[in-house]
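Colleague: I am new to this structure and would like a close look at one part of it. Please take me through the aromatic pairs and what lies around them.

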Amino acid sequence: MKKIPEYCVTNEADYLNRRTFIKKSVGLGVGLAAFGSLPSLAEGVQGGGLFDKIVATDYGKGLVPHTYKEISNYNNFYEFGTGKRDPAKNAHTLKPKPWHIEVSGECVKRGVYDLEDFIAPYQLQERIYRFRCVEAWSMVIPWVGVSLASVLKTFQPTSKAKYVVFKTLLDKTQMPWQKRPTLDWPYTEGLTIAEAMNPLSFLAVGLYGKTLPNQNGAPLRLVVPWKYGFKNIKSIVSIHFQETAPINTWQDQAASEYGFYANVNPNVDHPRWSQARERVIGRGSFFSPEKRKTEMFNGYGDEVAHLYTGLDLTKNF
């Protein structure tokens with residue numbers, strides 16, 4: 001396992017203090033480049049210079065993020081193992097630079113883009129979101145990234161683009177567990193075009209003001225905070241616009257357990273466990289972990305419930 005140097009990790013208390021300053025200073029034109037710890041984020045992408053300024057948003061709703069250690073050491077990433085600690089131990093084989101993203105399908109501007117060129121046109125934002133796993137555990141994560149809608153609009157999807165499909169890198173050398181038939185690789189996920197264009201949908205390239213750790217989906221991952229975690233596909237290399245609904249990886253793997261929408265719904269249990277409550281990672285004790293009541297749409301109903309008007313969410317899970 002590669003050990004992360006101490007200087008590469010921002011102290012959480014300093015980070016939160018810095019965030020308060022940022023929110024106050026954005027209106028004065030002060031960027032995050034004033035803080036000496038930020039260059040490591042720029043250095044995380046070949047060429048650097050993309051991440052000089054990050055704008056804080058108001059999506060945090062008073063949430064306190066989990067620690068960097070918790071976020072980077074408790075993950076699902078089956079390409080590096082099926083245990084929660086496996087990705088942190090094994091993902092050092094992933095090479096997140098250089099990195100290319102192919103854009104295809106029902107859009108005007110198709111092509112293959114370097115990550116730097118892909119991200120460069122957009123203002124980086126910091127968003128603190130709840131993360132709810134379908135396995136009934138949760139975290140709060142401070143992502144850095146760009147609006148998914150802003151990115152997709154750049155490629156000018158046509159009127160036939162009803163869905164957006166994402167794929168993870170397929171490389172058995174970099175992702176050794178792809179040699180095993182655990183899932184049908186490459187990992188595939190999809191959103192309706194309306195979901196993808198919602199203001200909450202996000203492409204993350206970092207967390208805690210640093211580039212994404214490999215185990216968290218470096219260098220580019222999807223973040224859709226009102227959906228269960230498996231919907232938030234990691235290490236994206238393909239974005240495809242299409243007219244018909246895709247079959248997502250877990251939907252293909254176990255259709256009776258995982259549907260297309262994957263919305264957080266505490267009233268619809270997984271066939272093997274209740275979704276009414278969630279275990280908060282790192283809170284409480286091993287014998288008595290802290291649990292909280294799961295909120296509909298993970299607490300983001302005001303922003304996204306309109307996307308599902310008229311849809312029976314007990315059948316379309």
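Modeller: What follows goes from the whole chain to the ring pairs, and then to a pocket and two buried residues.

The model is a predicted one. Its chain has nine helices and 13 strands, and of its 317 residues 53% count as buried. Among contacts between residues at least 6 apart in sequence, 71% join residues at least 24 apart.

Searching the whole structure gives 16 aromatic pairs. One of them is formed by Tyr 78 and Trp 250, whose ring centres are 5.7 Å apart; their planes meet at 80°, so this pair is edge-to-face. Tyr 78 belongs to the loop between helix H3 (68-73) and helix H4 (86-90), while Trp 250 belongs to helix H8 (residues 249-253), so the pair ties together parts 172 residues apart in sequence. Tyr 78 has a relative accessible area of 18% and Trp 250 one of 17%. The cut-off for buried is under 20%, so Tyr 78 is buried, and Trp 250 is buried as well.

Another edge-to-face pair is made by Tyr 163 and Phe 260, with 5.8 Å from centre to centre and 85° between the planes. This pair also links distant parts of the chain: Tyr 163 is in strand E6 (residues 163-168) and Phe 260 in the loop between H8 and strand E12 (277-284), 97 residues apart. Tyr 163 is buried at a relative accessible area of 18%, and Phe 260 counts as buried at 9%. Both rings are part of a cluster, in which ring pairs link Tyr 163, Phe 260, Tyr 261, Phe 297 and Tyr 308.

Rings also take part in arrangements with charged side chains. The charged end of Arg 130 sits over the ring of Tyr 300, 5.4 Å from the centre of that ring. Likewise, the charged end of Lys 234 sits over the ring of Phe 77, at 5.2 Å from its centre.

Arg 130 leads on to Asn 298, a residue of the loop between strand E13 (289-293) and helix H9 (301-304). Asn 298 counts as buried, at 1% relative accessibility. Leaving out residues up to four places away in sequence, Asn 298 touches Arg 130, Phe 131, Arg 132, Pro 225, Trp 226 and Val 264.

Phe 77 and Lys 234 lead on to the second largest pocket. Of the 27 residues that line this pocket, Asn 76, Phe 77, Gly 229, Phe 230 and Lys 234 lie nearest its centre. The space in the pocket comes to about 400 Å³. Its lining has 17 nonpolar, six polar and four charged residues. Strand E5 (residues 137-147) gives the largest share of the lining, four residues.

Phe 77 and Lys 234 are also among the contacts of Gln 215. Gln 215 is in the loop between strand E9 (210-211) and strand E10 (221-223), and is buried with a relative accessible area of 9%. Apart from neighbours within four places in sequence, Gln 215 is in contact with Ser 72, Asn 75, Phe 77, Pro 87, Ala 88, Ala 91 and Lys 234. From C-alpha to C-alpha, Gln 215 and Tyr 74 are 9.0 Å apart in space, with their places 141 residues apart in sequence.

Notes: Residues numbered from 1 in each chain as written. Predicted model: local features only at pLDDT ≥ 70, side-chain atom pairs only at ≥ 80, totals over all residues. Heavy atoms only, no water. Phe/Tyr/Trp six-rings, centres within 6.5 Å; stacked < 30°, edge-to-face > 60°. Helix = DSSP H or I, 4+ residues; strand = E, 2+ residues; numbered from the N terminus. Buried < 20%, exposed > 50% of the residue type's maximum accessible area, 1.4 Å probe, protein only. Lys NZ or Arg CZ within 6 Å of the ring centre and 35° of its normal. Contact = heavy atoms within 4.5 Å. 1 Å grid on protein atoms, 1.4 Å probe; cavity = no way out; pocket = protein on both sides within 12 Å on 5 of 7 lines; lining within 4 Å. Points joined across faces, edges and corners; volume = space filled by probe spheres on them. Nonpolar A, V, L, I, M, F, W, Y, C, P; charged D, E, K, R; others polar.
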